[in-house]
Every structure is written in C-alpha cells, then in structure tokens.
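Start with one chain, then follow a helix out to its partner. Keep the structure open as you read.

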Amino acid sequence: MPVQVKNTKKRKQNEEEDALPGPFSKAVDMEMLSDEEGPDGEESDGQEVDEFPEIDAESDEEDSEYEGFEDDEDEEEEDEDDDEESESDSDKEDPLHVFPKAKTVISDITGQPKRVFPEIEPEYDSDSSTEDAPNRVGNIPMHWYDDMPHVGYDMEGKRVLRPARGDELDKFLETVEDPSAWTSAFDKNTQSDKPLTTEELDLIRRLYAGENPDGSYDPYEPMTEWFTGKGKEEVMPLSAAPEPKRRWVPSKWEKKKVMKIVRAIRQGRILPSKPKSTAQPQFYSIWAEPSSSHPPPLPAPKPPLPTNSESYNPPEEYLLSDAEQKQWEETDPEDRDRDFIPQKYSSLRLVPGYDRFIKERFNRQLDLYMAPRVQRVKLNIDPESLIPKLPSPSSLKPFPTYRSLRFQHSTLARCVAISPDGAWVVSGDENGIVSLWELSVGKEIKKWKFEGKVGALEWCPRTDVSFFVVGIEETLHFIIPPYLAPAVHQLTQTLLAPTTLPPALDTSSPIKWTTPSSSTWTDDTPLLSIHLPSGSGLPTQITWHRRGDYMATVSSGNQGGVWIHQLSRRYSQAPFKKVRGKVQLVLFHPMKPHFFVATQQYVRIYNLSEQKLLKTLTPGIKWISSLDVHPSGDHLIVGGYDRKLCWFDLELSDKPYKVLRYHSRAIRSLHFHPTYPLFASSSDDGVIQIFHARVYSDLMTDPLIVPLKVLRGHEITQGLGVLQVRWCSKHPWLASSGADGTVNVWCN
Amino acid sequence: MGRLRQKGKAGAAKAYITRSQATKKLQCSLADFRRLCILKGIFPREPNNKKKANKGSSAPTSFYYAKDIAYLAHEPVLKKLREHKAFAKKLSRALGRGEWSSAKSLEENKPVYKLDHVIKERYPTFIDALRDIDDALCMIFLFASLPSNPRLPPSLIENCSRLAAEWQLYIMHSRSLRKAFLSIKGVYYQAEVMDQTITWLVPYQFTQNIPSDVDVRVMLTFLELYQTLLGFVFFKLYTDAGLVYPPPLDLKKDEGAAGVGAFTLQDASSSTAAAPTKSKKVVEVEGRQISGKDVYQTIKSLASTTPDANGAPDDTTMDSEPTSREAEEEFILQPSKSDPQPAAPLTTLKSLETLPQTVNTSLFAPYTFFLSRETSRPMFEFLVRSFGGRIGWSATSGKGSPFDESDESITHVIIDRPIVESSNETLEERERRSRRKCVQPQWVVDCINAGKILLEDHYAQGKTLPPHLSPFGEYEGAYDPTALALGEKDDMSVDGDSASEDEDEDAVMDEPESAEAAVLKVVAAAATDSDADLRAAELAAEAAGVDPALFEKEVKKSRKKVKSDTNEDAEKDMNKMMMSNKQKKLYEKMKYSQNKRNQERANLEAKREQIQKQARKKTKIARD
C-alpha cells in the first residue's frame, strides 16, 4: 500500500526531480512510515480516509494501471526504484513547509542532480506517538455513549468520564474570550473543543474555494508523454491485416483528372497563368454600333461662364470697395453672389495660384451627384405683361376724385347716411351726437344728442316721406329732419305716429313701439322709438327694404340678433328662431323677397315668403365685416377683416367669382352705387378704393371690375381708419366717416 | 365601386425611394452606392410633395427614382463591387495568415470593372458625349498638374497629363480653339468641336494642395469615369480626323519636359496601309530629323527579319512599334539655313483645307513667336499653335523648341517683365530687339478674342495693360465696360492709325461733361421720392462735384417728370390689384431680380464715374 501511494504521488511530481541513492532513501522511507502513524497520521489515516474515500479509491485504480508500466521502466532503468522513493520523500513537502526544505546535490552514483533532506532528529517531542491517547474507545459511533456518563475507556480500561460542559451561555462566553474559538471544532472522541491545525484549516479553505483539497496537486503539471516522443513509438501493428494496395499505388482516377487538366493546358483551353491585364484601358469605336432605344439621361447643366469680374485684369470698377468686401466676407459662402473677390494684377506673371480651385471642382461634383435637379420652365416674358390690361380710369368717368367737404365730429364718427334725395347727410359719433348737414355745402342744420353711442344710422328709402332711424343702445329712434315741405312732413308724421294705432298682434312681444304724446312733439325728440329687449346691445346695422316698410336691424349684444320691423303694422319679429353662428350683417334683396344673412364665415340667402334657405355662400373669409348687394340683385360683394374682398355672382356659384386683396388692413365698409356702375370699399388703412363695376345683362360676359381711384385723406386713429362709406344716390359722390372724427364728401 | 386604394401603394410613395432604402435594397454600402451614382449619373430628385413620398414624414431626405434604383440592381459594376468586397476579405485573411503566395494570386485575379457600357448608356451618341466633356476636361487638367501622393498614384497623374496633351494636340491639329480668358482662377479655353462649344478651365502652373474638407474618393471616382469617357471621345475624334489613337509618345522628349511636343500625330491610313518592314522610317529625336544616312541604316536594319534589332542607337528609347508614314513624307521639315521662315511643324496642307474658314484660325500664321522664360510655355504654345503661329522657347522652359532665340524669323517676343536698362547690350542684340516686337502675354489672348491682330503698342513691354474682358459676355443688359471707351478701343486695332495725342485729349475733355451730366441725372432721379432721399442725393451730388444750382434745377425737372409719371404708375399699381395671387408672386419675383440687376449695373457705373474723375484730377495735377 505505501508503494502504491508513492506511485500516485509520483505522477504529481516534476519530472526534473532526481533519484536518490538507494540506502539513504530507505532510511527516509522508514521515517515516513513512522510518520504516518504520528499526529499527522491521525488526520491522514482517520479523517482523510473518512472524508475522501473516493480519492483514495481513484488513486488505487490508477496505481494498478501504472504498476505494469513501472515494471517496464524498472527493467529499463535500474535506478528507477530509488528514484521514486526519493520522490515520494518530497511529496511530504507540502506548501505549508511543515518539513524542512530539501537541498539539491549531484548524486555520486548516477551523476544526476538530486534532492537531499536534512536528517530528522528522533527527539521526544518530535513524535507524538508516545503520547497516550486519553480515550481508547476506537472508531465507533460516539452516539453509543450518549446516555452514558463516560465516553470510553483509557489504556487501563477505566472509564473516561464525560467532561463537564457548560451551558450555551458559557459556550458563547468562551467563544468570545478565546480568539481561536472559530478555528476549533468539537471532538466527539474527547468530548471537547479541539483547535484545528493549519493543515486542516487549509483543507477547509480549499474545499470552500472549490479547489482540489490536496494541497500538493499541481493542475498545470506538464504532460507526461507515455506513448509519443522518441523511443516510445508503438512497434507492433494494431491489426494483422496486410497493407492495402491503394497505400502504395498512385491513384488512377487522380491521374485521369490531372491529365485532363494537362491536356486542356496543352490545347490552350486553360491558361495556367493568365497574362496580366494591361492597366491601360483599350479604346475602340464605341459609338459605331447603334445604341439602345433607351432615352439618354438629361445632361447636367453647365456651370456659368466667367464674367468680366473674374478677369485677372478687370476694369477698375469691378473691384470691390472696402465696405463691399467686408459685406462679402460677412455673408455665408452659400449666400454670396460670386465665390471670389475680384482682383487686379498688373501683369500675368503676378497672378498667384487660385487656392480654392480643387474645392470648387469638388463642389461642382457634389452638385452633379448629390443635388436634386428639377427642370424648370424659365419664363422669358416682360413682367409688365403680367399686369392685366384694363380700360383707363379716365375713360370710366365720372367717379369721385377729390375731397370737396369735410365735416368734423369730436370723436370717432361711426356712421353716416345720405338722404334718398341726395340733399342731406346725417352722421353719428361715439358720444351720441347725430348731426344733420347739407351735402352740397356741409353746413350743419341740426344736432341731436343721445345717451350712449350711435351704432347705426339709416334714411328711409321712401321719397314721399322723409325720416331717418338712429340706433342707440337697445333703442331705435325715428327722427324727422327739420325744414321739410309741409306735405311731406304731414305724411311722415302720420306714418310714424298714426292717430289710430293698428291692432297689436302679439302682446307678448319683447319689443315695444312707443310714441310720445302729440303735445310733446318737437324736432329734438324722436317721434317713434322701438325698444329692443334688454341685453340686445348696440344695434350695429339698420337696413331698409326698398319699399321702406320693412326694416331689419342687427344687434351686437350677446342676446342680440336679427329683427325685422314693419312700420305700417308697428310690429317687430325675429325671423330666425335659431341661427348658427353670430349674425354679422343682414340685407334685403333689391328685387326678390330674399334675405341675406352673413354670419362670421358664411353668407346665407333665405327666401322670406317661402321661409326656407336658398343658398349658402362660402367666401373663404375668416371674419366677414361688410356686405353689399348690387342694385341688379345678382351680384354680391363681401368684405372681411382679413383684407379680402369677394365678388359673388349669385347665378354662378357658391364660391367667389373673384377674390381681391388690395387693402393693407381690414375692410370696414362696402357700398354699391345705386345708379352708377361704381362701388367703394373702405379700410382700416385709412384708404377708400373706388372701383368701376359693370355688370352685363347677358350671362356670358363676366362683370368688369376696374380699380379707379384710391382716395386718401382719413387719418388712422387707434388702429381704425375709414368706418363707413355711403354713395349719394343722384351723383357719383361719396360720403365717408372715419375714426379721426371727420366725415368727408368726395366729388368728381 | 372601384377597388379600394391603399395608402402607399401607388403614386409618389411608390415612385420615390430614399437613399437609405436604396442602399438597403441594393445591399451595398453607402460608399459603393455613391460610387454607383457617380458612375451611372444618377442623382436625387425632388418630389412635388415630400410628405407623400416619405410616408407622411417631412424630415429632410434625399429621394431617388425607384426605377433608377431598380436599374442599378442589375448593374455589372455593382456585381464587381460585391466581388471586390469578397476579394478584399480574402486578401486580408491571406495576409493575416501570412499566405503570401495565395495573396499574390488573389491580387493577380483582382476583380476590375470596366465602364464601357456605362459610357454607352449615358451617352448613346457621340454628340451627347462631346457635349458633356467640359467637367471631364477640367478635372483632367487639374489632376495633370497635381503632385502624386499615396492616394494619387503617379500612373494616374501620368494618364491625366497624357489625356490633357492629347486633347490639346487635337485642338491644335483641328484649329478649333475659339476663345481664351485669363481669369484669376485659371485660363478658360473655349473650343468648338463638331458644333459643340466646349469650355474648360486650366489652373495656372502652381502646386495645388488638396484641402482636408475635400473627399478625394469622390473626385477619384469621377476621374475614373472621365478618363474612360475622354479615352473613347478622343479615340473617335482622332480616328475621324484620320489620326492614330493613342498618339505615340517620345519618351526622351517627355523626360525633357517637352509637354505636348512629346507626342506625334500619325496619319492612320498610311500607318495601316504600309507594311512596317518596307516603309521608310521617320524618326524624330529631340525635335530634329536624323540624317538620311541614319534613315537608310534603319531601313536596312528593319529589312532584316528581326524587327527589334535596331540600327540607330537612338532608337532604343523609341516605341517598339515603328512609326511609319509614307504619305507624310512631304511634311517632314528639311532644316535648311537658307529658308528664314520654315513652315509650322504641324500645319499640313490637308488639315488647312479641311478647316472651316468662318473664323480666322490662322490668325498668327504670318508670325513667329518667342517665349521669354517667365511666361508659361504650355499655355502660349497651345494658344499660338492653335492659331497657326510658330513658337519657340528657351531651353529652360523645356525641350522641343523648334528654334532658339537667335532665330531671324522671330517677329514677336512674349515677355512679361518690367523694362530693365541694360547697358552692356551688344550691337547685334540691340538690332535684334529693334526688329522684334515685345508684347505682354495678354496681347495674344486679346488678339484671339478680338479675332484680329491688335496694335502691339498698348501691350508693349512695361506698359499698363488695358483691361482684360471676358469674351463669353454677360447677361443681357448687364453693365458694359466698353460702352463709353469705345472710341479709345477703335484706336487699338491695326487698321486704325496710332491715336494722336490731341485726339485722346479731346476724348478726355469731352468725357467729364457727359460724365457729370450722367451723375446729375442719376442723382436727381433718385431725389424725387422723399426728403431723406433728396438729402442723400444732395450729398452725393456734392461728392460728385456738381454745381448746387444746377442740381436744384435738375431736381425740379425730374420732379415734374415724375409727377406726370405718377398717374401712369398709380394706374399700373391699381391694375396690379386685379392680378391673381400666383401672377402677383411671379411678378414680384421678376421685378426683384430685375431691380437687383439694375442696381448692380448702376453701382458699377457710379464707380466708373468716380474712378474717371479721380484719374482726371490726377492728370490735371500732373499737367499743372
């Protein structure tokens, strides 16, 4: 058994280790034997065997294998025995250096270097074998003694009593006091804590670390060559079969294949080494054969040709001044109109190399392959030809050209109206003052003062009577101007305040018609007032039906809306129960019983007699500000706060026939002249634009719209310009009220 | 009900493909894709609606036609590029393993693509190709002048310079140069070949450095295409002109920096018709014909069965293919001392007859030039020989000069240095100097552009040159610097006599009046609009030295004129209201560019006025 152990250990040794002389090694061997029975032996024999039986078994098996081989070796080398024994010596030399170190000397016998260990003095304490083991119970399970007061027997056969053991607290205190308590383990044999030796601790550490528990095991040991290398070849064949023919006869098929290639090479079918292709490309007449029908790609545009400024010696005016040069340097290279600074050299020899040459070539190439190319038709026309040819304004006279009168209000003059006979003008301002003045001379005849702003003013279009309506906060006042012919005055009075009131149709109507008693009638007070319901706000628009019996008003308040008032029956009604959107403006059709209602974005046309919606016009304006219908009734113009003016041909389409955008600010007011082919638009930019608008009776000819004149004269105050324009029905004259408080009359 | 239309299945979404989609589809790298695009001439397109083309995204992307990319998928060059990728991998593996022999064999079988089919596709007809060689020529001339480096192998540079020389030879042979322009960027040449106007730019002879922000790979890819294109174009041009392509190169001359002179033009018919063994051999060495005896010896040696055994020792450096021409026998120069004006070396009767005579292409035929050594020889050799002149140069400018400085036939010396008084001039030299006319280089170019011989006096050595103007013209209505100075210009031509002093003076005296009036008019016209403008105009008038009373009068006049104009203008402005939005925008655009041009022109005119005024002041002071 010892020999076998030595053999296993030998495998783990380095080959360089040397043989020891025989006699000496034997002595060491003796020592070893005694060693194993010592204190070390206790662990190696007792515990190691217990704990690692499989390792031992394994080594046993290996030993049995190697035995035979070692015999061979012994035959070959006589010293091998000694060799191994000496090596077994060194196996006790573990990494912990329990034993003294060995010396390497040259052996006298073999002449090989060998290791010699110092002699071990057999002193008293060198060997623990003489010490008595306190308990000689042997290797039995100690739990057999669990019920006994003793734990075994000593050498004399007396009982070894179980030593007294403290309780858990004592144990804990012990562990606290004793620093080596954590490295000690309970020995059942002696029933006491026994400190673990360094070897045991090392073993535990190795197990814990997952290493090989054997400290002397070298995992990187060089390979021992048993069957390879010189002198170790197998001499005997593994099988007795005779060597096949193919091992020594060259292959026929291979030869056939090679010969095929050889023949091909001889015939020139295969070129063994292709002649190196010439670097120079061979050119030939590539355009000799006809090309495919595929159309060629468009040629790239050529770069522009150089101009005078690129000359090396340009005329002096091409050179940049300092300011221009600075500006050139400050602009980005992409934005420069030329990519060089003109230079002038007195002679060709002084011209330096152009440092951006390569960069420019490169940029051109980038353009060629990276820039998207778009084919554009370049218009080679005179820009003036784009302007439409229209008849000259001078041929379209008369139209107002100059300001003949100016009437001043103290504040913003919101509205203006001209009497149907064209003699009188009323204008109202923000302070509630309504002035009546003569159109031809501008002399103020009368002034009325109302509470609150004047929202709207309108003359009754009837010619047999004469009065006008003023829209004040939630009220409409009917006023008869002074200096009327007595017949007219009489008729007007009877119309507004008849002696016998028509029967009230609907008493629940929120609108009240009131006439003061005939004793209090003066020129200063209105003869008739219509009280709109509270919360309806300022009436922003008053519009009359052409017969002068019906009147429609639009109020601005949140509850406000559209009412149609009938004068003869003194009755007001709301034509719409529900209107989508807030109504901006309303208009009566001049011929038909139609009613235009402009909400914020749409113009709807209702038939009043049939009470249904006829048409919805979409001007495409964000917010409609003004609206007027042509006297013929077939054309409508719509102005918006977004500066657009739309002309609708009502016969034609729901979409505008023409959209004009010429004012720089919001359009405020539009008005068609009742008799002349004119219309005017006013805007917040303080400008009035007069247009000639001729409408043809045949349906095929488009209406002719010619801008005639821009009238300037109103000043812009608080961002507001000309608020309302009204034509005089008899003449091509125009009255306009502005935010600057002036009311102007423009004449031809 | 028709079939439901699915989004992204038709229209712009299908017709366009983004660049990354294209590379993915072609399964090639971006660099390869770029190379393919350059070679095939595929460029990005701008879809009408980007969102429709890009799945609703408006991110900046470059789009290609999906069909263009589909065609690319079948491109043989793409196949070769893929093969090259595999080859590069194999080679690097072989090198990494140290398998030198397999690396060598791999290198020998390297995949190389040819661009012949690309040329044919892109340019189905020869005219198409000829029309598009402007950029190619610019690149070739640029690369011919670049120094070689690891990225630019010397062979490439050499090939470029060969192509450049071949082009110049053809232009000189066919006398098709029309215009030249000395700019600060280089020299622009314009030639007319087969009714196609070809303009190219040649840099001045300085070493160019490739800037770091230039991608050389892109330039080299273009160059690859251009070399092939020019090769085919030149082949066609040469063969159509009855010449052999490529023209043989005289290595010895080339080493001596003979430039264009190192190549010899060969007649194709004679070289093919005559058998090399029986033909007489004409050998040119260093620009001279070797003597008859040598020729005889050579014939003798050629008659023997071994063609490479050479009789004349000089022949060793010649091309292995003997240059043989029988028909050109009559063109060979007989260097005789008695004849003072030998014919130009390249001008043959045949070539002269074939020339279209609309342009005076033999402008310099009666003259013989000599280049002073500070002038650029390649440039002036090309210019002068293109117009039939004879030209010689000193040995420092390279070999191959047909005559030296002492030649009696020299009529003009192109010189570009200031006059230096040299006291130690021999009598002979002075006499020679008096016989010849020394002109500055600009004279040659101006003569070419004018189409006639200009008076040399204005261009004499040391004189301040008249401005050099672009012969290509400017856009219509641009500022014309010659407009006022026309009177002076006429004097320069040969037919007019030399301008007399007083005539010149008259012109000077006349001009200030007219100039001042012009300033006045311009300034007064500017003053009509507002007070601020008036003030500015007043200042300008004062700066121009206009009498204030005169100014006032002028302003009044112009204001009156403006008033009558305003009515028309207002009418026009009102009519503009009736324009549709589209028309209005177009009108504004056109007006903008028109105004810009007018402004530019006015600026130049004002500058000239100022310059002339200063010049007058100076002359006045000098006179006083």
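Two residues count as being in contact if their C-beta atoms, placed from the backbone, lie within 7 Å. The model is predicted. Take the contacts in chain B between residues at least 6 apart in sequence: 63% of them join residues at least 24 apart.

Chain B holds 24 helices and eleven strands. It has 624 residues, and buried residues make up 30% of them. Here a residue is buried if 20 or more other C-beta atoms lie within 10 Å of its own.

Now go to helix 10 of chain B, residues 134-144. This helix is mostly covered, with eleven of its eleven residues buried. The run of buried residues opens with B:D134, B:D135, B:A136 and B:L137. B:C138, B:M139, B:I140 and B:F141 are buried too. So are B:L142, B:F143 and B:A144.

What covers them? Part of the cover comes from chain B itself, including helix 11 (154-174), strand 5 (196-202) and helix 12 (216-240). Chain A also takes part: its helix 10 (357-370) is included in the cover.

That leads to the contact between the chains. It takes 60 residues from chain A and 85 residues from chain B. On the side of chain A that touches chain B, helix 10 and strand 32 (704-712) of chain A each supply at least two residues. Helix 10 of chain A gives the largest share of that side, nine residues. By residue class, the side of chain A that touches chain B divides into 37 nonpolar, 13 polar and ten charged residues.

Terms used. Residues numbered from 1 in each chain as written. Chains lettered and ligands numbered in written order. Predicted model: local features only at pLDDT ≥ 70, side-chain atom pairs only at ≥ 80, totals over all residues. Buried ≥ 20, exposed ≤ 12 C-beta atoms within 10 Å, placed from the backbone. Helix = DSSP H or I, 4+ residues; strand = E, 2+ residues; numbered from the N terminus. Nonpolar A, V, L, I, M, F, W, Y, C, P; charged D, E, K, R; others polar.
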